[in-house]
Amino acid sequence: MPLPITRLKQAAAEAGFTRKGMSAWGLRRGFPVLVQFDKQNMKNPVVVSARLAPGSPAELPPSFAPPLDALLGAGAAQAFAREDAAILLLQNGVERLKQGELLPAVDSFLGGLESAGAQPQRTCGLCGATDHLSVLATDGTVGLICPACLAKQAAQYDDLHGYVPASLPKLLAVGAASFVGMALLWAGLAIGVDLAFNAAGGSATLPGKLSVLFAFLLGMAVAVPALLFKLVPRRGRWPAMLCAIAAGLLAIFAGEILYADWFFRRRGVETWLPPLAVVWKLAASGSGFFLTLRAILALSTVGAAAYYAKPPAPKLAL
């Protein structure tokens, strides 16, 4: 049985839509349309937005063609209009995909809008241009935009968040600070886990899925010092992310050294920064599942650091 995301990919391809994550958008019957599934649970309602031309009637038709009429009658769908958009809510997005009802319901919705006299947006939503328009979606909104307006907004975003060479010293300084913070947190976490196991008599039992979730969340917590990258305004996407990734990897390495030093000192072995071979042997000890959790923790730490460091995503006006 195809996975829900696979069904979404198939539906987006069939409609000729662009898909990113749980959203897909494009032109359908001349209307700019955005289909949004819940990122957390695709069983939640799916939101379909159709962008209307300025001045289009806000009233919806009294009835729609199949299959939307049946879905509305069964309480599995809702339709309403607001400002320059018409909205369709379809309950249980996964079921709509499974039953092959998503695109037919969208077509029924758009056909009903046409019958009520609504017109699709046909010009750039910012300047009214009609040539070389693109369908884009951002922040729950879909619409048409011309190359000039798109370039203008891209330039404005670059002025705020694009990388400039003058930002490099700041990035390196923040990277060093976040490295120190993440290294201390990684070592502290390793020490805390060691102490917790000792307190539990040398063993502890947690459900596998819960353990994986804890490892993922703890990795995100270890990466919190990477939020310092937000202090550098014009840091760029990739320079900031690469710097954060390097800081995260070095922090894990340094954290393991600090933990190994604590480990041996606690057991009466006086040492200062134990040899790397000893550090590696200690880090690689444990069961396969425990090592898997450590790998998830490391990947989560590095991934979260990169995520925290990158600039905010562009928000277009459409």
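**Exercise 1.** Which residue forms a salt bridge with D261, and how far apart are the closest N and O atoms? Place the pair in its helix and judge the burial of each partner.

*Solution.* A reminder before we start: this is a predicted model.
- Step 1. The partner of D261 is R265, with the closest N and O atoms 3.0 Å apart.
- Step 2. Both residues sit in helix 8, and because they are 4 residues apart, about one helical turn separates them.
- Step 3. Buried means under 20% relative accessible area. D261, at 10%, is therefore buried, whereas R265 has 33% and is partly exposed.

**Exercise 2.** Find salt bridges that tie helix 4 to parts distant in sequence, beginning with D107.

*Solution.* Let's take the two pairs in turn.
- Step 1. The whole structure holds 6 salt bridges. In one of them, R28 pairs with D107, and the closest N and O atoms are 2.8 Å apart.
- Step 2. R28 belongs to strand 2 (residues 23–28) and D107 to helix 4, so this bridge joins parts 79 residues apart in sequence. With a relative accessible area of 16%, R28 is buried.
- Step 3. E114 and R29 also meet in a salt bridge, at 2.9 Å from N to O. Since E114 is in helix 4 and R29 in the loop between strand 2 and strand 3, the parts they tie together are 85 residues apart in sequence.
- Step 4. E114 is partly exposed at 34% relative accessibility, and R29 is partly exposed at 44%.

**Exercise 3.** Describe the largest nonpolar core and say which helix gives it the largest share.

*Solution.* Start with the best-connected members.
- Step 1. The core has 34 residues, and those touching the most other members are V33, F37, L90, L102, F109 and L113.
- Step 2. Elements that each supply at least two residues include helix 1 (4–15), strand 3 (31–36) and helix 4 (102–115). Helix 4 gives the largest share, 7 residues.
- Step 3. Beyond its neighbours within four places in sequence, F37 has contacts that include L8, M42, V46, L97 and L102.
- Step 4. Another core of 25 residues lies apart from this one; A183, W186, A240 and A309 are among its members.

**Exercise 4.** Work out what covers the buried residues of helix 10.

*Solution.* Go from the helix to its surroundings.
- Step 1. Helix 10 (residues 288–309) has 22 residues and spans 32 Å from first to last C-alpha, close to the 32 Å expected.
- Step 2. Its buried residues include L293, R294, L297, Y308 and A309.
- Step 3. The cover over them includes helix 6 (168–199), helix 7, helix 8 (237–266) and helix 9 (276–283).

Note on methods. Residues numbered from 1 in each chain as written. Predicted model: local features only at pLDDT ≥ 70, side-chain atom pairs only at ≥ 80, totals over all residues. Heavy atoms only, no water. Expected span 1.5 Å × (residues − 1). Buried < 20%, exposed > 50% of the residue type's maximum accessible area, 1.4 Å probe, protein only. Contact = heavy atoms within 4.5 Å. Core = buried A, V, L, I, M, F, W, Y, C linked by side-chain atoms within 4.5 Å. Salt bridge = Lys/Arg side-chain N within 4 Å of Asp/Glu carboxyl O.
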